[in-house]
Amino acid sequence: MAKFFSVLLPYILSGISVGGQYALIAIGYTMVYGILRLINFAHGDVFMVAGLFMVYMAGSMPLYIAAPLVIVLTVALGFCIEKVAYKPLRTAPRMSVMISAIGVSYLLQNLALYITGGLNKTYPDIPWISDNVQVFGATTKWVTIITPFLTIALVIALVLLINHTKVGMAMRAVAKDFETSQLMGIKINNVISMTFVIGSALAAVGSMLYFSNYPGVVPTSGAMPGLKAFVAAVFGGIGSIPGAVIGAFVIGICESLIKGLDTIISAFVPGYAALELATFSDAFTFALLIIILVFKPTGLFGEKATDKV
Amino acid sequence: MQKKKNHGKTFAGLVAIVCFLAVVLVLDQIIQPTDSMAMLLKVLQKASVYALAAVSLNLLTGFTGLFSLGHAGFMLIGAYTYAIFTIEPLQRDVVYQYYDAAIRVSFPQMLAQHLGGLGTVLGVILAILLAGAVAALLGWLIGLPVLRLKSDYLAIATLGFAEVIRAVFQWGKLGPVTNGSNPLKSFVRINSFKLTLGGTTLSLSTFVPVLLAVVCIAVIVLLINSSYGRAFKAIRENEIAAEAMGINLARHKMLAFCTSSFFAGVAGAGMAMVLGIAQANNFKSAMTYEILLMVVLGGIGSVTGSVIGATLFIAASEWWLRGLDSGTFLGINAPDIFRNGFRLVVFSIVIMIVVLFFRRGIMGDKELPDLFRRRKKTPSKAKGGQSHG
Amino acid sequence: MKKMIALLLALVMVLGLAACGGDEPAASADPNNNSGNNGDVAGTVKIGVFEPQSGDNGAGGKQEILGMQYANTLTPTVEIGGQTYAVELTYADNQSSNDKAPSAAQTLISAGVSVVLGSYGSGVSIAASDTFGDAGVPAIGVTCTNPQVTAGNSHYFRICFLDPFQGTVLANFAKDQFSAAKAYCLAKQGDDYSVGLCNYFMKAFGEADCVYETFPEGTSDYSSYVTNAKNQGCDVFFAPVSTEAAALIIDQAATQDLGMPMLAGDTWDSNVITGAAQGKSNVDLYVTTFYQEGGNPEFDAGFKAFLNSDSTYLTNNGGNDMIAAVSVMGYDAYYVALEALKAAGSTDPAAVMAALPGVTFDGVSGAIAFDAENGDAVRDVAYVKHCVTETGSWEFVAQQGV
């Protein structure tokens, strides 16, 4: 048992940490999908741009100014994207909006490529959370430890917001029935903007945690975390915030374990010939997506809705 | 929609295509690789492959209303199948340097032993057909579970499948077949296509991919104009109504999906031929997005639109806008602005403008010949999308 | 009206983002920057620079270009067939990507270059090789160490050592220096350089004693791989991957206290690596390379002055004036190209290709001559360097042969 613990613990620790960061991105996906029925492909790239904001601003101002400013700028970016790229297409077929989202993602990546010159940008060290800490004999960064707690705290705050405030009620109403809520006098444009603001803010926080852990930002940094966070949202049942968070932790931990699967098996099975299973660390997430879509399209906590599948 | 068959128009179209092929053949002879116009040939080669890919994607999204994002995966399968079965036998062990190659069949070489030069050609055709067939088979397998899904759920499921396929092809344990994650090369590529008549050698390096695209797109057009094509369009417009009219939804969707996969596989084979290298890493979801943007640029639901969209996309990104990256564009020298990556920024802004303001793309759902036809009614303009306040 | 507002917003967004990076100096060099403008030149001869300026290997490619640019400022003209030609460097960015490489190569060929230098990274060189071959333009590999670059063709030459040599040197070094019994090898999927080098390392080290793993493109979480190496009880950590991934791996190794020496090939000889390792006292890092700073004081002083003369150069070199071995190789490659042009007596690519096998040059990184079989440089020595983490600099360890 002790051996089991000591072999698996480092993988699970890093899995929880990655999972928490995916969760913060996944909330943005799940909220937007819940309300607009739109897969916001650009969300992962917003997360990447938040990383770049930090890289460029940390050089010229102290961190306690830079960090809130990054969140403000990211929120502004998310807000603008919605106004420019999605709002004009509100009555268009869903496919057009999704293509627009792909276009925005393409644009953000190319802008980042132009601005960075295509080079890897080193993320600044954030004091304390980038420092090392010992947990049960495994060494890791503080950010690994605080990520899950911070994530859960933010999620609780968000759930309270949705369940106990007026704007939260409006959000639930719009998610339930777009047309009717409009007839009931809800200003849906404000509600949608609010959704993008919350999603982008969480993505900015997620980017700080993620890039503190993996301190390199490239134009494609957001693509994979974005897709995986989206899978997490589908896994948990799209539209459901707790579902997205649980999905993100499951995916983060599984991914980390698969990268170490050969080592883990060889620790318990003598004479095991490595199967190079680490190749499937990304593919596993997508295999999970397909299985969920085919067998339980509403995900773990999703509500039954006929128009989804 | 289709009025009476106009044989004169069809004939004119055929003549135009033959003339175009003849021009390509001539260009192939007079432009040398060191000429400054050599870029034109490179663009034609690449554009023809992408045009085929775009048309095959359009068959799904534009004509059947199935939104699939798995195209890169099918192209990957086509590229690998083609490459594996045409690798030069003497080079096989050099290519599979870390593995013991399991498949040791080279169609062109095998058939050339019996039929000479004709055998080489047949071998290449056989490999291309096999590339399409394997892709179509996989399309069928994937289609079984996912075609029940709708709209964006179908899109992400196919996207997921493409990523899984890419990982499987990079798996080290499949190395004897796929060469692991390492590139396949030394197979028959476009520069191998030469025709010796008497004493003169004709270069066919651009003609062959263009011909391949023309033939395949012609087949797709025939399918679209058949009763199957009308069924596809009915499904696109309204699934429930189509089913009520007696169209077997599952069967027709599967047919569209497999046909699209087949031609995506052929396009993948073409891609391998043009690039001279086949590697799983090149077939990322970004490639699917690019093809989708070509379709949107040309107009969803227009075959000629997709061809024009793909050609413009490739020509602009590979050739015309190159100056934006290297300091001088249209005679303006501004190295601080026109530096690496600016081309792609300009390009993506243009695409966003098309997506937002010219949603019907260049052609809408019209075909090129429609534009020559005299019409009383002007084509309806793109509808603005803002009824909400 | 709404559309106008939307368009305006889009513009603001774009400008806002662009302004963010406004203080970043121009990334790619101006093509006409260094072309010689001697009064009595007979014409211009173009040398193609086929290097990555973006993507995984962008940082290394830019350093390699700097060496060529420096050489070009020192010797901007060349005597060909009795006439003086100005040398113009023509650039193409292969974006570190195998599928972008052929069209980048075609740009150079269409521009009418006589000979091509590059690339940093073996994969792109292999991918573009046929394009050069079809056009009959010779290419000189600068730091692409995979054997397949030059194997089986007559147009690709190379001035650096090869991976079978480098892998053996590293394996021997691991065994001699650390008495290592088990090695952890990490490569990037589909990357000819890291996969090839790991393979030759394992052959020399003994495949049964190696744990070999690969990671997919776009990975940023390397913590599990570090854990794997620790759990499997390895003695050395061999990861000859791109500097971009390396910075993240070093960070993880320090975080998790890897506890074994890290080894890598020539790509890690970069200030990106020393920057990542600086201040991380538990990182023990060794690389093999082509050149040791201090080997030629005259060159070192001149090159540093060149770097400090322009902020763009300094940025392209990673922000400081530490000399990368790849810059030295770029410098030598430029002179090898000039020698070939002189020997050919013509700017015709075919003549240059015919002249190249006989070219010899006594470069900063050592004497350069091509072998008859593949056109590879005859080299039998590599330098091993150790990273001093307190100061973030390299110290010379040994000169190692097979």
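Chain B of this predicted model has a mean pLDDT of 85, and 91% of its residues reach 70 or more. The confidence varies between its elements: helix H3 of chain B, residues 71–86, has the highest mean pLDDT of them, at 95, whereas strand E3 of chain B, residues 328–329, has the lowest, at 67. A stretch of chain B that calls for caution is residues 376–389, over which the pLDDT is below 50, although the model still gives this stretch 15 contacts beyond near neighbours in sequence. Where pLDDT is low, the predicted coordinates should not be read in detail, and those contacts of residues 376–389 of chain B are best taken with that in mind.

From chain B the reader can turn to its contact with chain A, which takes 39 residues from chain A and 39 residues from chain B. On the side of chain A that touches chain B, two or more residues come from each of helix H4 (94–116) and helix H12 (281–295) of chain A. It is H4(A) that gives the most to this side, with 15 residues. Sorted by class, the side of chain A that touches chain B has 26 nonpolar residues, together with eight polar and five charged ones.

Chain B also touches chain C, in a contact that takes 34 residues from chain B and 34 residues from chain C. On the side of chain B that touches chain C, helix H2 (38–64) and helix H15 (342–357) of chain B each supply at least two residues, and the largest share, three residues, comes from H2(B). By class, this side of chain B has 16 polar residues, twelve nonpolar residues and six charged residues.

Returning to chain A, the reader may look at a single element, helix H2 of chain A, which runs over residues 43–58 and has 16 residues. From its first C-alpha to its last, H2(A) reaches 23 Å, which is close to the 22 Å expected at 1.5 Å a residue. Is this helix mostly covered or mostly uncovered? H2(A) is mostly covered, with 14 of its 16 residues buried.

Chain C, finally, can be viewed as a whole. Its secondary structure comes to 13 helices and 15 strands, and of the 402 residues in chain C, 63% are buried. Among the contacts in chain C with a separation of 6 or more, 71% are accounted for by residues 24 or more positions apart.

Conventions
Residues numbered from 1 in each chain as written. Chains lettered and ligands numbered in written order. Predicted model: local features only at pLDDT ≥ 70, side-chain atom pairs only at ≥ 80, totals over all residues. Contact = placed C-beta atoms within 7 Å. Helix = DSSP H or I, 4+ residues; strand = E, 2+ residues; numbered from the N terminus. Nonpolar A, V, L, I, M, F, W, Y, C, P; charged D, E, K, R; others polar. pLDDT = per-residue confidence, 0-100. Expected span 1.5 Å × (residues − 1). Buried ≥ 20, exposed ≤ 12 C-beta atoms within 10 Å, placed from the backbone.
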